[in-house]
Amino acid sequence: MSAVAIETTPPLWRRLIGFNLLTAVVLGVGGWYLGWFIGHQVAGASIDYFGDIDQNDVAIFCGYIIGLLGFLIGLGFGVYPWSRMRGYPPSLREKETEGAGRYFGLCTDHKVVGIQYLWGIGLFFFVGGLNAMFIRMELLSPTSHIFPPGQYLTLVGMHGTMMMGMFTSGILGPFANYLVPLMIGARRMAFPRIEALTFWLLMSAGAILTTTIFFGGFPTGWTGYEPLNDQANAGMDAYIVFFALVGISMCLLGLNMIATIVTMRAPGLTWSRLPIFCWGVLSTAILMVLAAPVLVAVLGMAMLDRTAQTTFFLPTGGGSPYLYENLFWIFGHPEVYILALPGFAIVLELLPVFARKPLWGYRLSVAGLLGVTLLSWLVWQHHIFVSGINSDLRPFYMLSTELISIPTGFTFLCGLMTLWRGNLRFPVPMLFCLAWFFNFLIGGLSGVFLSDVPSDVTTHGSFFSMAHFHYTIMGGLVFTFFAAIYYWVPKMTGYMLNERLGKVHFWLMFISFNSTFGPLFAIGFLGQPRRAVTYAHTLQFLNDWVSISAFVLGFSLLLFLVNFVWSLVFAKVPAPANPWGSRSLEWQLPSPVPVHNFDRIPHITSDPYDYGEARGPVAVPAPTGVGGMS
Amino acid sequence: MSELVSHATDYEIVEGEPPELLGRNLNSGAHLFASATAFFFLAFVFAYFYLRSLNNADKWRPKHIDPSLAYGTIVMALIVLSALLVRIGLLQHRAGRRAQWRRTGVVALALGIAGVVVQVIEWTAIGFGPADGGYASVFFGWTAFNVLFTIGTLFWLENIVATSLRYRSHATGSPAPGEASGDPGRPGHDISDPLSLVRPGLESLSFYWGFVAGLGVLSWVVLYLI
Amino acid sequence: MTEAAASTTPAPATDHGKRFLVAWIVASVIATPLVAIFLGDHLPPGNGSAQAHEQVFDNSWLLAIMTPPGLFVVMFLGYALWTFRNRGTVGALEDGPPIRGNARIQTLWMVITSAIVLFLAGFGSYELVQSGAGGGQGPTAAFQPAGYQKALDVQVIGQQWEFTYRYPTYGGIETPHLVLPAGTLVRLHVTSLDAIHSFWAYGLGVKADANPGVDNIVYVHTKDPMQFDIRCAELCGLWHGYMFDTGHVVASGRFTSWIKQQQSYFAPVSKYLPPYSTTYLPDPSQRAG
């Protein structure tokens, strides 16, 4: 069917030569050694570092950067710039063929990129989750007993960094890439090549972070505070490169999303008919575009401190660790909402379908999303209430932090009122959405303790704050991530996931999640600091309880994996086009969606929430063939 | 099964998108990337004023740390001039004076490259190193990343100039299919009339290059004047 | 039961709404005082100092204020999910009523949440301004308790990986033990020699980051003699997990004799100490490169 179909299949060896994943890996490794060599020519290895006299951070950074370039060129990202450089005209797409091979290379089809993201992020989620299991294993006993302290810190840091870095794109990567063009009636994203680039940047970042174990790991946790960052051994470089690449990937992803939603909406899709999921994506993307560059800049400074011996963060050299803390949290707080907002959007998008009612208070929920987007810029110093920075400004940051609960409350109100008097049914995606209410409620209420300075003095840096952000991020984002998987994977793959196993997965996960993180509030209140390998022996019972619950939580995620693989590889129950009876545009298309999405760009005639109202089709094919926003 | 799409439809139908849509994409992309760039350099502005106000260990700016104003002004002037020329080139292109635009574009490119070269010369002749206190750190960090952004924008400028030069005899119309960037196996272009994209590209570039030049002026004011 | 009511009553919404609201108000009125009274006193960090007491007070208030909103969401979910579930009498894809919003409910919600938020911020600020609530306040403490001029100065120095303490009013001696006199207002100067640490004296309700080159001031008013746990609460490198200690609050007579004993014990090494200063800036012992 494809016009690009290969006429005669060449032999295997011939197909392995060319721009593909194999070439990419070869060039990536080769680039690493080239960069390593160049770095050693430019700068000598440090000799005064007593831990590792061969440490040459310049060589390591060069290796990572040139290796990354080699990897991207090997995938074929160099072809387009090279031909543009020679003056050939622009084009949109590359290698939009069918078949399994397109998932393992550069492909500009937004649906392929979405599925690539789903598997890629899933892989790193698994690695990060495994780290969490190791952490809880170590915390079974109040003293260090399995891992030495350095390895323990590396595990903690890798868990945090992996999760915070990868899951920034956890919803926008797989689901927004796949669904936004379908929801707004477009055939592609605004910048298809950039879309593919964001995915491969993220994957290279993940691989680079994993290489930290060859360089002794890193001791700073996901925040990478200076001056410990500057003092740390070579494993720190992997952290810096990882997070900078994640930042670039995030920024480009957000840019692509905003440009797509602004310029590519189908005729008739006015702003007040835009699905709430797209509003959530839009507000998240705004935060991504503006916050991620600050992260890249601050990591650039950290890189210069570690290589060129600048003194941005060294108080003895005219710098200040406060600079790092400020800049990191100027990024870091919007980042927290980059993780939370897509969850809000998914809940609000799914509830109308399962309540068979229009979304209650559409404008209010949009106002809630945008209000959070705005306010999240004004609160960063609540992360550093006890650090001694600007202590007289703390009442302001206390107020601005607590103000965020007003727009967040809009989301709660709209979600809850959508349920009221509906015709509720409870398939797996609905269960995960309802769990969001409970988890985010606890996460939000515990956040009040952290926003209030006197209470924060007790809870800051303790397991209380750790429990708080796991309730908001895991309870808020990961639960809705699973809601989205159970809801949209039938559309993406054409196969239903097993409902009964899904319900077992949900209940096991919901109960063990609360049993894991609920007691951590008490543990934190009782004085256990985060990231410490030891704790008071009186807290051992609670910690063991948490560890065992965490293992059950891990098991529930394995159960999901079994369900996922079983349903998609073995059972293969074909999904109907619209199994949930949704009115949204993507469900009006066949499952899985054909390569080009729409024969003719549709004309949107109503918003996707008109349940119970006089109904026509939500969209009809537009009279002319191709077009953008009306 | 759906009236909107069917699996049996030929893939050919996605070929030939209207270039206006791409122009809009490019334009919004350039504005968004400019916002991202602004926030990137905001970190350096913040670092400058924060470290200056703290002056830890009296190492903000020891006496001998004094980069040459002449070099700084030359770099800034070259970049601003190049951005102005691109703007003028855009006006010429709009007025249909393609040959003039091509000359202006080449000169703008040369000026931009000269700006980068002078910046590199300044680094080697500056008389202090990155380890000499807070100001020196901010100076080297800021100028280094400024050069990176400048090189990226110059690459974009080069693409547009190169396309204009290569197809200087085509007024509009499609080049041969094999010449489309990207997949060489594609029988036709996926954009109809891809050469007409030079104008929207130039418009977005002109905006973004002006923005980067503005940042150059900002860095000149902050790093050299105050 | 509600299904029967729904089919006969023309406006079932008011019925359900009222019933839920009454249930919620009754539950809140019962639960909120119970939470404040029975849970409040057990909240951390205890009654070891005036600041710790403030935090307990703050924590119990916050918990009490949160009870009604928390109950609202949980009870609403419980009520709505039970009452409006599909009972098989109508089709699963049968649409509900097309209610798109209600301006009165929205306004009421906004007013109530804003009132709660403003109250919380005002309450927290008031508590903070009293005496700094035991948190680190930086070199120029903005919120000082009454009588701060006469406070006893004690310096806390974080270094990888222990805390040491200097008493400037007693000749600037440095000891590895923290002992404070009872019933005294103490001004702790928290600083660091290398990475960022955080001085967390749990029982005293004190937490302040130790930053290199920064004098982070905390006021704490000790009460009766007691022991308290000290931990580092900011990741500071390899042995962060082992950076803990026990501090003591003792009667002022015992404090005087203890400090004399320390002075004589450390006399042979005290002369090598750098002179007391609010910050110290040693060159870093390691940098990457």
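**Exercise 1.** What percentage of the 630 residues of chain A count as buried?

*Solution.* Start with the conventions. This is a predicted model, in which local features need pLDDT of at least 70, side-chain atom pairs count only at pLDDT 80 or more, and totals for chains, interfaces and linings use all residues. Residues are numbered from 1 along each chain as its sequence is written, chains are lettered from A and ligands numbered from 1 in the order in which they are written, and side-chain values use heavy atoms, with hydrogens and water left out. Next, apply the cut-off: buried means under 20% relative accessible area (1.4 Å probe, protein chains only). The result for chain A is 71%.

**Exercise 2.** Compare the radius of gyration of chain A with that of a compact globule.

*Solution.* The radius is taken over C-alpha atoms, and the globule rule is 2.2 Å times the number of residues to the power 0.38. For 630 residues the rule gives a value near 25 Å; chain A has 25 Å, so the two agree. Along the principal axes, the C-alpha atoms of chain A fill a box of roughly 70 × 60 × 45 Å.

**Exercise 3.** Describe the contact between chain B and chain A.

*Solution.* First, count residues: with contact meaning heavy atoms within 4.5 Å, chain B gives 67 residues and chain A gives 81 residues. Second, take the buried area, which is the accessible area (1.4 Å probe) that two parts lose on being put together, summed over both. This area is about 6300 Å², and carbon and sulfur atoms give 67% of it. Third, look for salt bridges (a side-chain nitrogen of Lys or Arg within 4 Å of a carboxyl oxygen of Asp or Glu). The count between chain B and chain A is 0.

Definitions and conventions: Buried < 20%, exposed > 50% of the residue type's maximum accessible area, 1.4 Å probe, protein only.
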